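Colleague: Please take a close look at one part of this model, the packing between two of its helices, and then set that part in the context of the rest of the fold.

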Amino acid sequence: MTVDQLIGKIYNKLSKADIAGTQGKVAVQFNLTGKVAGVFYVEILNGVPSVMPYEYIDRDACVSGTMTNIEKVFSGKLVPQVAIAEGKIKVEGNVDKVMALAELLK
């Protein structure tokens with residue numbers, strides 16, 4: 001899977017999720033490490049999703065991990081709390097916002 005394919009998959013999932021009640025901003029940047037490296041962000045601003053292949057300066061949190069582990073979290077095959085505890089992904093910043101995003105993508 002490429003970074004662009006992962007971005008498309010996440011956007012499709014968000015566009016089908018019930019995010020209309022999400023107020024304010026949730027902005028999480030993802031740094032892909034390992035064999036497939038890259039960066040993208042997921043933002044929900046007042047119920048409107050955006051997924052872009054750029055860094056996000058004013059982010060709430062930053063998640064780092066391999067493409068495989070991040071894709072597993074987004075597909076529900078890996079529980080975010082377990083991934084963090086086992087060191088499969090690293091979170092800097094507001095962990096609550098990351099968990100809120102993960103909940104929306106179930």
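Modeller: Contact here means heavy atoms within 4.5 Å. The model is a predicted one. With that cut-off, and leaving aside neighbours within four places in sequence, glutamate 71 is in contact with Met1, Leu6 and Lys9. Glutamate 71 belongs to helix 2. Its relative accessibility is 14%, so glutamate 71 counts as buried, the limit for that class being under 20%.

Two of those partners, Leu6 and Lys9, also appear in the contact between helix 1 and helix 2. The axes of these helices come within 11 Å and cross at roughly 15°. Helix 1 is therefore roughly parallel to helix 2, as angles under 35 degrees are counted that way. The crossing of helix 1 past helix 2 is left-handed. On the helix 1 side the contact is made by Val3, Leu6, Lys9, Ile10 and Lys13; helix 2 supplies Met67, Ile70, Glu71, Phe74 and Ser75.

Ile10 and Ile70, one from each side of that contact, recur in the largest nonpolar core. This core has 27 residues, and those with the most contacts inside it are Ile10, Leu14, Phe30, Phe40, Val42, Ile70 and Leu101. Two or more residues each come from helix 1 (3-16), strand 1 (25-33), strand 2 (38-45), strand 4 (61-66), helix 2 (67-75) and helix 4 (95-104). Helix 1 gives the most, with five residues. For leucine 14, the residues touched, not counting those up to four places away in sequence, are Ile19, Val42, Ile44, Pro49, Val51, Leu101 and Leu105.

Next comes the sheet. Its five strands form an open sheet in the order 3-2-1-4-5, with mixed pairing. Strand 3 (48-52) and strand 5 (89-93) are the edge strands, each pairing on one side only. On average, neighbouring strands are turned by 15° against each other, direction ignored. Strand 2 and strand 3 run antiparallel and are joined by five bridges; glutamate 43 stands opposite serine 50 of strand 3.

Helix 2 lies across strand 1, strand 2, strand 4 and strand 5, and runs at about 120° to strand 4. Helix 4 also lies across strand 1, strand 2, strand 4 and strand 5, running at about 90° to strand 1. Helix 2 thus has two settings to consider: its contact with helix 1, in which Glu71 takes part, and its place across the four strands named above.

Terms used. Residues numbered from 1 in each chain as written. Predicted model: local features only at pLDDT ≥ 70, side-chain atom pairs only at ≥ 80, totals over all residues. Heavy atoms only, no water. Core = buried A, V, L, I, M, F, W, Y, C linked by side-chain atoms within 4.5 Å. Buried < 20%, exposed > 50% of the residue type's maximum accessible area, 1.4 Å probe, protein only. Pairing = 2+ DSSP bridges. Axes fitted to C-alpha atoms, helices over the stretch in contact; angles between N-to-C directions. Parallel < 35°, antiparallel > 145°, perpendicular 65-115°, else oblique. Left-handed = near helix turned anticlockwise from the far one by under 90°.
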